[in-house]
Amino acid sequence: MKIVLVDSNVAISPYLVYPLGMSMVARALVNAGYEVVQYDFLQNDQSLSRLRECVQNEKPDAVGISMRNIDNVNLMNEQEYIGVVKSIVKEIKAVTDAKIILGGTAFSLLPDTLLEHLGADYGIVGEGEELMIKLVGSLEQGEEIPEPVLIAESSMTSSQIQGALYDSNIMAYYLENGSLANVQTKRGCPHKCIYCSYPALEGSRIRPRDEKDTVDDMEILVKKHGARMIFFTDSIFNDGEGHYIDLLNEMERRGFSVPWTAYIKPEILEQSIIDLMIRTGVRGVELGSDGATDTTLKALGKSFLFKDIVACNQLFADNGIATANFFMFGAPGETPETADEGIKNIISLENTVSFMFIGIRILPGTSLKHMAVKQGILTGQENLLSPVYYISPDVDKKWLEETMEKAFKPHRHCVFPPDSYDRSVKFLHKLGHKGLMWDMLLPKSRRSS
């Protein structure tokens, strides 16, 4: 049985992202004995005619479409991606009777709505590796499966996370266009941020991948594909159970060091851990700060204070490690007073680059959605296919935007709107620069190599 997997992601901000989810499903299918072809829509210039040609030539028995994002979650410059997927489904249906299966993080957020809206035959909700094998196995056996239908598990129980089947041609395209080679080391998030969908998508229990297998993949990416930097895609790299330390220890045991970056929860790490990060190649970290005051941090469900952000940022700075921070204004409890306080807090952060957003994209199944309904921002009947943003009723959006723009404009290290640096990033990529790119806003002594 032949399966064509199509990655539908077309987002390029702040940089292109290799379709890791599709490649992980591809690995599972190949290991189960299926013939798999991976097709990346972005790599193929978003050409529907090329997609049509691929499907016609390959003659698949099933086509899987991976959906990474519903939209770009940026109120200042909204971009929606559902129309792209709808065009892909329509094009595939025009040339084949093969069953079309939707999956991916974006699909799992709104499965019923998207399956109906896009007109596919089946949908995979949650982790796709085992469920995809189960579904195509049933199709191969000719079992009666009503359509459209959603395939899902009641909970995230898969403890064995397989690696990705990195496609050489697709990876070459992403690396040539400035992307980082991405690796997932664990799934699940135990934190309770009110806006976040990670616990719903991956479960609330940390499930690490075997560190030896993870480093095997990293070595393949460097030695076979020529990757120059690794991006750990975990929701939080420095998990409280210390699995990230096991991974770094395995890298050091093998004498394997490669430039890497990851999302870090702001906290004070022991110097021995920082030293281990440096020895294994860390070049920069992105801190999941999100709130710029103690008031908004608490409202967002964070377990740390702004002083912890300052201390964590300084710790990395003292060790020559570049940092970026991301902040959201308009959170529950935001007022003109907290906004002014947050602006001052961010500007005062030293040796870091900060990116600021207005509003928080409301996602299904989050505490923020329930709060928005209680406050009358939502009726509770919206399907949330089109983005709706939470902005505290106690602050005016126009005032907030004008105040932030005026306050941050003189400061090179404060980026607002958050995508205002994108054009410069594209230019740097054309010049051959690779890596983080945001670290170019830091003083030369702090930039990653």
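Pro 148 sits in the loop that runs between helix H6, residues 128–140, and strand S6, residues 149–152. The bond leading into Pro 148 from Glu 147 is a cis peptide bond, with omega near -5 degrees. Keep in mind that this is a predicted model.

There is a second case further along. The peptide bond from Phe 416 to Pro 417 is also cis, with omega near -5 degrees. Pro 417 lies in the loop between strand S17, residues 414–415, and helix H17, residues 422–430. As background, most peptide bonds are trans.

Back to helix H6 and strand S6, and the sheet they belong with. The sheet is open and has six strands, in the order S2-S1-S3-S4-S5-S6, with parallel pairing. Its edges are strand S2, residues 35–40, and strand S6, and each of these pairs on one side only. On average, neighbouring strands in this sheet are turned by 20 degrees against each other, ignoring direction. Helix H6 packs on the sheet and touches strand S1, residues 2–7, together with S3, S4, S5 and S6. The direction of H6 makes about 150 degrees with that of S5.

For a detail of the pairing, take strand S4, residues 99–103, and strand S5, residues 122–125. These two run parallel and are joined by two bridges. Leu 102 stands opposite Gly 123 in S5.

Now the annotation. The UniProt record, an unreviewed entry, gives "domain: B12-binding" for residues 5–146. In the model, that span is 44% helix and 16% strand. The C-alpha atoms at its two ends lie 22 Å apart.

Last, two backbone angles. Most residues other than glycine have a negative phi. Lys 59 has a positive one, near 50 degrees. Where is Lys 59 found? Its place is the loop between helix H2, residues 48–58, and strand S3, residues 62–66. Leu 384 also has a positive phi, near 60 degrees. Leu 384 is in the loop between helix H15, residues 367–374, and strand S16, residues 389–390.

Buried or exposed: which word applies to Lys 59, and which to Leu 384? The relative accessibility of Lys 59 is 64%, and the cut-off for exposed is over 50%, so Lys 59 counts as exposed. For Leu 384 the relative accessibility is 3%, and buried means under 20%, so Leu 384 counts as buried.

Notes
Residues numbered from 1 in each chain as written. Predicted model: local features only at pLDDT ≥ 70, side-chain atom pairs only at ≥ 80, totals over all residues. Heavy atoms only, no water. Helix = DSSP H or I, 4+ residues; strand = E, 2+ residues; numbered from the N terminus. Buried < 20%, exposed > 50% of the residue type's maximum accessible area, 1.4 Å probe, protein only. UniProt positions renumbered as here; feature names shortened; annotations may be inferred. Pairing = 2+ DSSP bridges. Axes fitted to C-alpha atoms, helices over the stretch in contact; angles between N-to-C directions. Contact = heavy atoms within 4.5 Å.
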